[in-house]
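I opened the model to look up its charged pairs, its core and its backbone outliers. My notes follow the display.

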Amino acid sequence: MTPRDTRDAGFTLIELLVSISLLSVLGMVMMFGVQNNYQLHRSTVDESFGLADVKTVVERLGRDVRSARSLAPGATASELVLWVDFNSDYLETPDEIVTWQLVQESESGVQYNVIRQTEGGDPTIQARTLVSDIAFCYWTESADPTQTDCAGSLPAAAPDGLSAEDAASVRLVTTTTTYDAKPGAGVEPRQVAFSSRLRNVE
C-alpha cells in the first residue's frame with residue numbers, strides 16, 4: 001500500500017453528514033418512544049391509584065350510609081350529613097354526626113379531596129386530589145332511584161340543605177362520584193354511581 005492510499009482511506013464529508021443525520025433521526029425516534037412509554041406508564045399508574053381511591057370512597061361511604069339511622073338536617077346535593085348510631089343506643093349525639101364533602105386542596109379548581117368528618121373530630125382524607133365532582137340524591141320509599149338524574153328526589157338545593165322533616169323521610173341515598181386521574185390528558189372523566197339504603201328507625 002502506498003502512502004497515497006493510506007491518506008485516502010477513511011470517510012468523506014458526505015458520508016459523515018449522512019451518518020450523523022441517520023444517527024440523529026434514530027436518536028429522536030428512540031427518545032420519542034421512551035417519552036411516550038413513560039407517559040403511558042404514568043397514566044396507567046395514575047389511573048390505578050385513582051381506581052383504588054374511588055373504591056375506598058365507595059366502600060367507606062356506602063358503609064356509613066348503610067349504618068346510618070337517618071340523614072341529619074343540612075344534607076345537600078354536594079354534602080352528605082348522616083346520623084350513624086355507633087353505639088346503637090338510639091340516642092343522637094354530636095360525635096355520631098358524620099359529614100362527607102369535597103374540599104379543594106389546590107387552586108386548580110379541577111380536583112378535590114374527599115373528606116369524612118365527625119362533628120367535633122378531625123377531618124380524614126378518603127381520596128386525595130382525584131375526585132372532580134360528587135353528587136348526592138335523596139329518595140323516600142315512594143321515589144324511583146333508578147332514574148339517571150336526581151329528578152324526583154328530595155330537593156337538596158336550599159342553602160341550609162334538607163329540613164329535619166325531609167331528612168327523616170329519606171330511605172335511600174344515591175351517590176355519583178366523578179373522577180379524573182389526569183385532567184386534560186386525553187382520558188375522559190369517569191363516573192361511579194351507587195345506591196345505599198339507610199338503616200332507618202321508624
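**Salt bridges**

I looked first at Arg69 and Asp85, whose side chains form a salt bridge with N to O at 3.2 Å. The term takes a side-chain nitrogen of Lys or Arg within 4 Å of a carboxyl oxygen of Asp or Glu. Arg69 lies in strand 1 and Asp85 in the loop between strand 2 and strand 3, so the pair ties together parts that are 16 residues apart in sequence. Helices (H or I, at least four residues) and strands (E, at least two) are DSSP runs, numbered from the N terminus.

I note that this is a predicted model, in which local features need pLDDT of at least 70 and side-chain atom pairs count only at pLDDT 80 or more, while totals for chains, interfaces and linings use all residues. Residues are numbered from 1 along each chain as its sequence is written, and side-chain values use heavy atoms, with hydrogens and water left out.

I checked burial for the pair: Arg69 and Asp85 are both buried. Buried means under 20% relative accessible area, exposed over 50%, and partly exposed in between (1.4 Å probe, protein chains only). For Asp85 I read a relative accessibility of 2%.

I then counted salt bridges by this rule and got two. Asp64 forms one with Arg116, with the closest N and O atoms 2.7 Å apart. Asp64 is in helix 2 and Arg116 in strand 4 (residues 112-118), so this pair ties together parts 52 residues apart in sequence. Asp64 is buried at 5% relative accessible area, and Arg116 is buried at 10%.

**Strand 4**

I looked up the surroundings of Arg116's strand. Five of the seven residues of strand 4 are buried, so this strand is largely enclosed by the rest of the structure. Strand 3 and strand 4 run antiparallel and are joined by six bridges; strands pair if DSSP finds at least two bridges between them. Thr99 stands opposite Gln117 of strand 4.

**Loop between strand 2 and strand 3**

I returned to Asp85 and listed its contacts (heavy atoms within 4.5 Å). Outside its neighbours within four places in sequence, Asp85 touches Ser67, Arg69, Tyr90, Leu91, Glu96 and Arg199.

Which residues of this loop have a positive phi without being glycine? I found Ser88, with phi of about 55°, and Tyr90, with phi near 65°. Most residues other than glycine have a negative phi. Both sit in the loop between strand 2 and strand 3. Ser88 is partly exposed at 42%, whereas Tyr90 is exposed at 52%.

**Core and whole chain**

I looked up the largest nonpolar core and found 28 residues, with Leu61, Leu71, Leu80, Tyr138 and Val173 having the most contacts inside it. Such a core is a set of buried Ala, Val, Leu, Ile, Met, Phe, Trp, Tyr and Cys residues joined through side-chain atoms within 4.5 Å. Helix 2, strand 1 (68-71), strand 2 (80-84), strand 3 (97-103) and strand 5 (124-139) each supply at least two of its residues.

For the protein chain I recorded three helices and seven strands, in the order α-α-β-β-β-β-β-α-β-β. Of its 202 residues, 32% count as buried. Among contacts between residues at least 6 apart in sequence, 51% join residues at least 24 apart.
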